[in-house]
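Visitor: I am new to this structure and would be grateful for a guided tour. May we look at the sequence and the model together?

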Amino acid sequence: MLDFKYPYVLPELPYPYDALEPYIDEETMHYHHDKHFKAYVDNLNEVLQPYPELQALPLDILLKRAETFPKNIQKKILDNAGGVFNHYLFFAGLAPADEDVHEPGGYLDEMIIENFGSIEEMQIKFSESAKSVFGSGWTYLVITPGKRLKVVNFKDQETPILINATPVILLDVWEHAYYLKYKNERANYIENAWNIIKYPNFETI
Ligand code: MN3
């Protein structure tokens, strides 16, 4: 992901559009990936177009240094680079329910137990946090700079980059992520997401 750079291209989904059924429906995946994610990619390219010196920076550095950029583009960079960052990780961090990636393994498993007591406790904490998001945002499990695991909510397209944390798992809780199928039942979307959230394989941190 660190070599992800201008001009940004919409990454293809790493699975078919209907692969996350019945937890996330095919129509939602098309809108979410082909329209919403693509809009962040296109808008980021447009914002960067007049700034060759910023085009050379990788995505995470753009986010880290946004406050040093010209005032009129700071918010646009944070929103759109954040949207690209979050959606890239979101789609890459899901997998069909029948794949063997929905339980944390090895080192991550140990870290979760050390920090939360059990996998179940972490999931409860994550789900409760996701349900508490007011308006649009994201819920992440991150590794903090102090090497602790923590559940954090981010507003709109804020990212863990802003707190120097490393993403572990995440969930998009903007309405566009679930509304076609779940309507106002956000809690059901959040609970069902555990069937398709993919745990990364950390050897160490
Ligand atoms: Mn989204």
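Visitor: Over how many bridges do strand 1 and strand 3 pair, and in which sense?

Guide: Please note that this is a predicted model. Strand 1 covers residues 137-143, and one of its residues, T139, has L171 of strand 3 as its bridge partner. The pairing of strand 1 with strand 3 is antiparallel, and the number of bridges is six.

Visitor: In what order do the three strands of the open sheet lie?

Guide: Strand 1 pairs with strand 3, and strand 1 also pairs with strand 2 in the antiparallel sense, over seven bridges. Strand 2 (149-155) and strand 3 (166-172) each pair on one side only, which makes them the edge strands. The order in the sheet is therefore 2-1-3.

Visitor: Which residue of strand 2 stands opposite Y140?

Guide: Strand 1 and strand 2 form a hairpin with five residues between them. In the turn of this hairpin, K147 has a positive phi of about 65 degrees. Across the paired strands, the residue of strand 2 opposite Y140 is V152.

Visitor: Where is D156 found, and what is its phi?

Guide: Most residues other than glycine have a negative phi. D156 is not a glycine, yet its phi is positive. D156 is found in the loop between strand 2 and strand 3, and its phi is about 50 degrees.

Visitor: At what angle does helix 4 run to strand 3?

Guide: Two helices may be considered against the sheet. Helix 6 (residues 119-131) touches strand 1, strand 2 and strand 3, and its direction makes about 150 degrees with that of strand 1. Helix 4 (residues 71-92) lies across strand 1 and strand 3, and its angle to strand 3 is about 85 degrees.

Visitor: Which residues are the protein donors of the manganese ion?

Guide: The donor atoms lie 2.0 to 2.2 Å from the ion. In sequence the donor residues follow the spacing H-x54-H-x84-D-x3-H. The donors are H32 (NE2), H87 (NE2), D172 (OD) and H176 (NE2).

Visitor: Why does the pair H32 and D172 tie together parts that are apart in sequence, and how many residues apart are they?

Guide: H32 and D172 are both among the protein donors of the manganese ion. H32 lies in helix 1 (residues 26-48), whereas D172 lies in strand 3. The pair therefore ties together parts whose separation in sequence is 140 residues.

Visitor: Which residues lie nearest the centre of the second largest pocket?

Guide: This pocket has a volume of about 270 Å³ and is lined by 16 residues. Helix 3 (59-65) and helix 4 are the elements that give two or more residues to the lining. The lining divides into five nonpolar, three polar and eight charged residues. Nearest the centre lie E67, L78, E158, T159 and L162.

Visitor: Which residues does the cis peptide bond with omega of about 0 degrees join?

Guide: Most peptide bonds are trans. The bond from Y6 to P7 is cis, but its omega is near -10 degrees. P7 lies in the segment before helix 1, and P22 is also found in the segment before helix 1. The cis bond with omega of about 0 degrees joins E21 and P22.

Note on methods. Residues are numbered from 1 along each chain as its sequence is written. This is a predicted model: local features need pLDDT of at least 70, side-chain atom pairs count only at pLDDT 80 or more; totals for chains, interfaces and linings use all residues. Side-chain values use heavy atoms; hydrogens and water are left out. Two strands pair if DSSP finds at least two bridges between them. Helices (H or I, at least four residues) and strands (E, at least two) are DSSP runs, numbered from the N terminus. Contact means heavy atoms within 4.5 Å. Axes are lines fitted to C-alpha atoms, for helices over the stretch in contact, and angles run from 0 to 180 degrees between N-to-C directions. On a 1 Å grid over the protein atoms alone, a cavity is a set of points where a 1.4 Å probe fits but cannot get out, and a pocket is an open set with protein on both sides within 12 Å along at least five of seven lines; lining residues have an atom within 4 Å of a point. Grid points are joined across faces, edges and corners, and a volume is the space filled by probe spheres set on the points. Ala, Val, Leu, Ile, Met, Phe, Trp, Tyr, Cys and Pro count as nonpolar, Asp, Glu, Lys and Arg as charged, and the others, Gly among them, as polar. Donors are N, O and S atoms within 2.8 Å of the metal (3.2 Å for Na, K and Ca); water is not among the atoms, so sites may look incomplete.
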